[in-house]
Amino acid sequence: MNFELKTLSLASAAKTSTDTLIVLISEQFEAGKDPLSVLISKATQAKDFSNKTGKTLQAYGLAGVSAAKIILVGIGEGKPSDVKTGLTGAMATLKAAETSKAAVVFAGSVTSAQLHAAVLAVADSTYVYGTTHSKPKLRKLTQVTLGVQSATGALKEAFTSSVAMVEGIEFAKEWANRPANHATPTMLGKAAQGLAKTAGISCEVLGPKEVAKLGMGSFMSVAKGSAEPLRFIVLKYQGGAKTEAPVVLVGKGITFDTGGISLKPAPEMDEMKFDMGGAASVLGVFKSLSLLKPKLNVVGLIPACENMPDGLAVKPGDVVTSMSGQTIEILNTDAEGRLILCDALTYAGRFKPDTVIDIATLTGAVIGALGKVTAGLLSNDDQLAEDLLASGTKSGDRAWRMPLWEEYDELLKSNFADMANIGGPQAGTITAACFLARFAKKYKWAHLDVAGTAWVSGAQKGATGRPVPILMEYIRSKAK
Ligand code: BES
Ligand code: MN
Ligand code: ZN
């Protein structure tokens, strides 16, 4: 998608040559004498349109307006969520039409947050997955001009970072959407290496031999049941001084989760191709970093493998030794995400990190707790948690904090190892995070459980690109 930011009043927007002109109208709007203002006033008087969020009105061939089609969109108070709702509705009306160029114009003043919401909403509602259709599906709308009162300063900055963010979101979506046979651990490794072609980014991909040498016994135990060899991906972005401690992102890269010997039921099992959503978001962040080039250092770690049932697969009751030396009794082979992440978290210590954030489609329980609206956030550091919550609110990709108390950690007791890999039927998201916390004691760490937010099910089934926005916003605010 090609985005462009322009200074446009309603009068100049009318003269802009484009296929479709979308006008966002909030409660604060004051009509002028230009043709669009007249249309808005007349349609409002006739009660065919109002500035309530989500109201739309379409008009064609209006005198004095260059665009063939006009869509008026109400955005109510003009909250970022109103912009998103309004634009998503308007974009849906374009789907059937052959619109390749559109302009989105704010009638009245614009904030950075509104502009950010507009860029993300336009991209989100026009993205098309096209990797595995016989005739590649293409996005119709490819050129979007955003019209604001004054395309300078903070708005220009917000525009640039939002566009970089969109590229990352779409990269994450694309990889998460690919079926497991088109997104194997090896292929994820290649994708990461592809990102390293940009200046500032380097990549190293480790295979089974190297991982064995590192002593990642927990990670290896998950991969054992699969014919696909595991990969451990190390991405580095250097935007700050060499000596500066990096932010380390760790993404769960289970390219398919059958549950292993503790096999999952058949319905919706296809959706477990999205179980590398955390990994995809790390790739997406690096895509964004390559475009935005913020002044700080970021490391991305992705343990990638399949979780399959097999003669060689790890069995319930097996005890494995993690890279940290701690032993784990695997009571349920379907709690595999934590088993690959714990070794990556130990590896993260090597970078003497400023902060470590892991991202994982870790538990079904987080959907029970928070639904599909917000990610679960758990952290051993209050400031980090606060910063992430703020980044979530600002980027429109929210998280909600849950506790990591001792009473929960105790549920991981095992009679045969230092810990079990499950904590029982209650508080599944918290006990999973308590497990990870045992491997993240040496640094400030946060965990995002994105099992509810990384993809949507049903007719609109597909990856969302979350949590690229919250991560990029966090990185951007830290780089300032
Ligand atoms: N990848 C799943 C989590 C998941 C389940 C995400 C459903 C989205 C929808 C994870 O590996 C898993 O299977 N977790 C188990 C843990 C349990 C065995 C303690 C779960 O949530 O059921
Ligand atoms: Mn699982
Ligand atoms: Zn999983």
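**Exercise 1. The zinc site**

Identify the protein donors of the zinc ion (ligand 3) and state the arrangement of the donor atoms around it.

*Solution.* Step 1: In this predicted model, the zinc ion (ligand 3) takes its protein donors from Lys-252 (NZ), Asp-257 (OD), Asp-275 (OD) and Glu-336 (OE), at 2.0 to 2.4 Å.

Step 2: Along the chain, these donors follow the spacing K-x4-D-x17-D-x60-E.

Step 3: The 6 donor atoms around the zinc ion (ligand 3) subtend angles of 78 to 174°, and the arrangement is therefore octahedral. For comparison, the ideal angles for six octahedral donors are 90 or 180 degrees.

**Exercise 2. The manganese site**

Identify the protein donors of the manganese ion (ligand 2) and state the arrangement of its donor atoms.

*Solution.* Step 1: The protein donors are Asp-257 (OD), Asp-334 (O), Asp-334 (OD) and Glu-336 (OE), which lie 2.1 to 2.2 Å from the manganese ion (ligand 2). Asp-334 is thus listed with both O and OD.

Step 2: The spacing of the donors along the chain is D-x76-D-x1-E.

Step 3: Around the manganese ion (ligand 2), the 6 donor atoms subtend angles of 70 to 167°, so the arrangement is irregular. The octahedral label requires opposite donors to be over 155 degrees apart and all others between 65 and 115.

**Exercise 3. The bridging residue and its strand**

Determine which residue coordinates both metal ions, and describe where in the chain that residue lies.

*Solution.* Step 1: Asp-257 coordinates both the zinc ion (ligand 3) and the manganese ion (ligand 2), and the two ions are 3.2 Å apart.

Step 2: Asp-257 belongs to strand β10, whereas Asp-275 lies in the loop between β10 and α9, so this pair ties together parts that are 18 residues apart in sequence. Both Asp-257 and Asp-275 are buried.

Step 3: Return to the manganese donors, with spacing D-x76-D-x1-E. Here Asp-257 in β10 (residues 253–257) is linked with Glu-336 in the loop between β13 (327–329) and α10 (337–348), 79 residues apart. Glu-336 is buried, as is Asp-257.

Step 4: Consider β10 as a whole. Because 5 of the 5 residues of β10 are buried, this strand is largely enclosed by the rest of the structure. β10 pairs with strand β11 (residues 297–307) in the parallel sense over 4 bridges, and Asn-307 in β11 is the bridge partner of Asp-257.

**Exercise 4. The surroundings of ligand 1**

State how many residues surround ligand 1, and how much of its area the protein buries.

*Solution.* Step 1: Ligand 1 is surrounded by 17 residues, of which the closest are Asp-257, Lys-264, Asp-334, Glu-336 and Gly-364.

Step 2: Examine the polar distances. An oxygen atom of ligand 1 is 2.9 Å from a side-chain N or O atom of Asp-257, and an oxygen atom of ligand 1 is 3.2 Å from a side-chain N or O atom of Lys-252. A nitrogen atom of ligand 1 is 3.4 Å from a polar backbone atom of Leu-362.

Step 3: Ligand 1 taken alone exposes 510 Å², and the protein buries 79% of that.

**Exercise 5. A three-stranded sheet**

Give the order of the strands in the sheet that contains β13, and explain which strands form its edges.

*Solution.* Step 1: The 3 strands form an open sheet in the order β12-β13-β17, with mixed pairing.

Step 2: β12 (319–321) and β17 (419–420) each have a single partner strand, so they stand at the edges and one side of each is left without a neighbour in the sheet.

Step 3: β13 pairs with β17 in the parallel sense over 2 bridges. In this sheet, Glu-329 stands opposite Ala-420 in β17.

Step 4: Ser-322 lies in the loop between β12 and β13. Its relative accessibility is 3%, so Ser-322 counts as buried. The side chain of Ser-322 makes a polar contact of 2.8 Å with that of Ser-324 and reaches the backbone oxygen of Gln-326 at 2.8 Å.

**Exercise 6. Backbone exceptions**

Most residues other than glycine have a negative phi, and most peptide bonds are trans. Describe the backbone geometry at Glu-268, Lys-352 and Pro-467.

*Solution.* Step 1: Glu-268 has a positive phi near 60°. Glu-268 lies in the loop between β10 and α9 (277–292) and, at 56% relative accessibility, counts as exposed.

Step 2: Lys-352 has a positive phi of about 45°. Lys-352 lies in the loop between α10 and β14 (355–360) and is exposed, with a relative accessible area of 67%.

Step 3: The peptide bond from Arg-466 to Pro-467 is cis, with omega near 5°. Pro-467 is placed in the loop between β20 (462–463) and α15 (468–479).

Conventions: Residues numbered from 1 in each chain as written. Chains lettered and ligands numbered in written order. Predicted model: local features only at pLDDT ≥ 70, side-chain atom pairs only at ≥ 80, totals over all residues. Heavy atoms only, no water. Donors = N, O, S within 2.8 Å, 3.2 Å for Na, K, Ca; no water. Tetrahedral: all angles 85-135°; square planar, octahedral: opposite > 155°, others 65-115°. Buried < 20%, exposed > 50% of the residue type's maximum accessible area, 1.4 Å probe, protein only. Pairing = 2+ DSSP bridges. Near = heavy atom within 4 Å. Polar contact = N/O pair within 3.5 Å; in protein donor to acceptor, adjacent residues only side chain to side chain. Areas by Shrake-Rupley, 256 points an atom, 1.4 Å probe, with all protein chains shown as cover.
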